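Visitor: I'd like a close look at a single part of this one, rather than the full tour. Could you pick one residue, start there and work outwards?

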Amino acid sequence: MTLEEFSAGEQKTESDPDNVVLCLLAADEDDDRDVALQIHFTLIQAFCCENDINILRVSNPGRLAELLLLETDASPTTSEGAAQPPDLHCVLVTNPHSSQWKDPALSQLICFCRESRYMDQWVPVINLPER
């Protein structure tokens, strides 16, 4: 399973978009008030629904970065020299073409998304608590 990041609506990958099996939309409470980001999320969700890509909302992008083992020390710095956290507002999870490659965790996550849709929760939310 590979993770590929979208930022500001531009694709940062050259892989086949047909391999995308999951879209993680990460936002914290402050991001909920960002109208531009919410429009961005709406457009991404429409694209994913049209292309049968599972969608999952995740709270706490900082915790998501920790879980994905992204080092904030290697992140770009601002003009003041403070490290900026990686932009994880939209993360795409892809699956290689190999039909023999199966990830049980990814299968469970996709099953969770499917079950949520059956219960009319089209974009399920997972709350990631602070450590």
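Guide: Sure, let's start at Val21. Leaving aside its neighbours within four places in sequence, Val21 is in contact with Ile53, Asn54, Val93, Thr94, Asn95, Leu106 and Ile110. Bear in mind that this is a predicted model.

Val21 belongs to the largest nonpolar core, a set of 15 residues. Val21 is among the residues with the most contacts inside that core, alongside Leu22, Leu24, Leu56, Val58 and Leu64. Five elements give two or more residues to it: strands E3 (20-26), E4 (54-58) and E5 (90-94), plus helices H2 (61-67) and H3 (104-118). E3 is the top contributor, with four residues. As a general point, nonpolar side chains in soluble globular proteins tend to be buried together.

There is a second core to look at, too. It lies apart from the one around Val21 and has 13 residues, including Ala27, Phe41, Ile55 and Leu92. A general habit of strands is worth recalling here: in a regular strand the side chains alternate between the two faces of the sheet.

Now stay with E3 itself. The strand is mostly covered, and seven of its seven residues are buried. For context, 34% of the 131 residues in the protein chain count as buried.

Who are the strand's partners? E3 pairs with both E4 and E5. With E5 the pairing is antiparallel, over five bridges, and Val20 stands opposite Thr94 there. That same Thr94 is on the contact list of Val21. With E4 the strands run parallel, again joined by five bridges, and Leu22 has Asn54 as its bridge partner. Asn54 turns up among the contacts of Val21 as well.

To follow the chain from E3 to E4, trace helix H1 (residues 35-50): E3, H1 and E4 make a right-handed β-α-β unit.

Stepping back, the protein chain holds three helices and six strands, and from the N terminus on they run β-β-β-α-β-α-β-α-β. Among contacts with a separation of 6 or more, 75% are between residues 24 or more positions apart. As for the outside, the accessible surface of the chain comes to about 8800 Å², and carbon and sulfur atoms account for 53% of that.

So much for the wider view; back on E3, the picture is a strand with seven of seven residues buried, paired antiparallel with E5 and parallel with E4, and giving the most residues to the largest nonpolar core.

Key. Residues numbered from 1 in each chain as written. Predicted model: local features only at pLDDT ≥ 70, side-chain atom pairs only at ≥ 80, totals over all residues. Heavy atoms only, no water. Buried < 20%, exposed > 50% of the residue type's maximum accessible area, 1.4 Å probe, protein only. Contact = heavy atoms within 4.5 Å. Areas by Shrake-Rupley, 256 points an atom, 1.4 Å probe, with all protein chains shown as cover. Core = buried A, V, L, I, M, F, W, Y, C linked by side-chain atoms within 4.5 Å. Pairing = 2+ DSSP bridges. Right-handed = clockwise from strand over helix to strand, strands pointing away.
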